[in-house]
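Trainee: I am new to this structure and would like to learn how its labels are justified. Could we go through some of them together?
Mentor: Gladly, let us look at it first.

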Amino acid sequence: MTRKGQVRAAFGQAAATYDQHAAVQRQVAERLAGRIAALPLPAAPRVLEIGCGTGLLHAALAPRLRAAEWVFTDLSPAMVAAARDRFGADARTAFVAMDGEQPCLHPDARFDLICSSLSFQWFERLGESVAALRRHLAPHGWLAFSTMAAESFHEWRQAHRDLGLEAATPRYPAPAALAALWPGARVEEEPMVQTYASGRDFLRQLKGIGAQVPAPGRPPLTAGQLARVMRRFEAQGARSTYHIAYGFLPAEG
Ligand SMILES: C[S@@+](CC[C@H](N)C(=O)[O-])C[C@H]1O[C@@H](n2cnc3c(N)ncnc32)[C@H](O)[C@@H]1O
């Protein structure tokens, strides 16, 4: 199976448990929604959401963008179904299972807002794919996203390094590197520290939302290695920092 197939399957399997493990994702969606609400958008914007999951960003934004037309999309059909079950379909909403890196959009489709919370870190060609999505912005539209940035999970990585091991968590770009990908992009970073009951609890939360697919080429640890890493992580306070990058791209001239 391709890595993208693994990502689709992992999130698909997690669709039913996602919300109960998604405290961080809910907070990030809220913070992104607050920032989007400050953008100069029309009163009834046409919105395309990439990687909608179960709909946390829509839940946070809907009270702020009451008259929006909304196209929910996600790589995982099970996630799209979960969002549809939650919000219901009507004339102003559409639900499409779609890879945000290969969007099945009419070439002339235009949106006032293209948004995505915590899905771009799964993209394989982030720069090109987001640039291609940006071309679907209407004049004066905005592309707004949150994604994982460098130094995320550094405590978990350190626990591995202390034991001469390498963590399988993917590497994320620094905010400045993200901003350099797209002309006119503005990127802000905000750290969020989470404390866990144990190392196992940290892994359970990642698995509960479907975010357990390892970085390419990283073999899994043996059970013994993993137990030692978890003990080390716990000895250091069982804390994990999410460095969240919030990005904003205006429509290009
Ligand atoms: C951590 S969840 C975030 C979901 C939701 N946006 C939220 O804030 O709760 C990541 C989501 O991105 C989706 N995803 C991963 N790769 C994707 C891709 N290439 N195109 C579209 N969605 C993708 C996953 O299926 C999953 O639903």
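Trainee: What makes the pair Ser 146 and Ser 117 a polar contact?
Mentor: In this predicted model, the side chains of Ser 146 and Ser 117 come to 2.8 Å from each other. A polar contact needs N or O atoms within 3.5 Å, so this pair meets the distance cut-off.

Trainee: Why is Ser 146 called buried?
Mentor: Its relative accessible area is 0%. Buried means under 20%, so Ser 146 qualifies. Ser 146 belongs to strand E5, residues 137-148. Among the residues it touches are Val 28, Leu 32, Ile 244 and Tyr 246.

Trainee: Tyr 246 caught my eye. How do you know that the charged end of Arg 35 sits over the ring of Tyr 246?
Mentor: The charged end of Arg 35 is 4.0 Å from the centre of that ring. The distance limit is 6 Å, so that part of the test is passed. The definition also asks for a position within 35 degrees of the ring normal, and Arg 35 is listed as sitting over the ring.

Trainee: Why is the pair of Trp 156 and Phe 233 called edge-to-face?
Mentor: There are 13 aromatic pairs by the rule used here. For Trp 156 and Phe 233, the centres are 5.1 Å apart and the planes make an angle of 85°. Centres must lie within 6.5 Å and edge-to-face planes must be over 60 degrees apart, so both conditions hold.

Trainee: What does this pair tie together?
Mentor: Trp 156 is in helix H7 (residues 154-161) and Phe 233 in helix H10 (residues 223-235), so the pair joins parts that are 77 residues apart in sequence. Trp 156, at 4% relative accessibility, is buried, and so is Phe 233, at 1%.

Trainee: And what makes Tyr 196 and Phe 202 edge-to-face?
Mentor: Their centres are 5.1 Å apart, with 70° between the planes. That angle is over 60 degrees, so the label fits. Tyr 196 is buried at 6%, and Phe 202 is buried at 1%. Ring pairs also link these two with Phe 153, Trp 156, Phe 233 and Tyr 242 in a cluster.

Trainee: How do you know that Asp 99 has a polar contact with the ligand?
Mentor: An N or O atom in the side chain of Asp 99 is 2.8 Å from a nitrogen atom of the ligand, and the limit is 3.5 Å, so the pair counts. A backbone N or O atom of Ser 117 is also 2.8 Å from a ligand nitrogen. The protein covers 99% of the 590 Å² of accessible area that the ligand has on its own.

Notes. Residues are numbered from 1 along each chain as its sequence is written. This is a predicted model: local features need pLDDT of at least 70, side-chain atom pairs count only at pLDDT 80 or more; totals for chains, interfaces and linings use all residues. Side-chain values use heavy atoms; hydrogens and water are left out. Rings of Phe, Tyr and Trp (its six-membered ring) pair if their centres lie within 6.5 Å; planes under 30 degrees apart count as stacked, over 60 as edge-to-face and the rest as tilted. Helices (H or I, at least four residues) and strands (E, at least two) are DSSP runs, numbered from the N terminus. Buried means under 20% relative accessible area, exposed over 50%, partly exposed in between (1.4 Å probe, protein chains only). A polar contact is a pair of N or O atoms within 3.5 Å; within protein, one must be able to donate a hydrogen and the other to accept it, and residues adjacent in sequence count only if both atoms are side-chain atoms. Contact means heavy atoms within 4.5 Å. Accessible areas come from the Shrake-Rupley method with a 1.4 Å probe; for residues, only the protein chains shown count as cover. Lists of a residue's contacts leave out its neighbours within four places in sequence.
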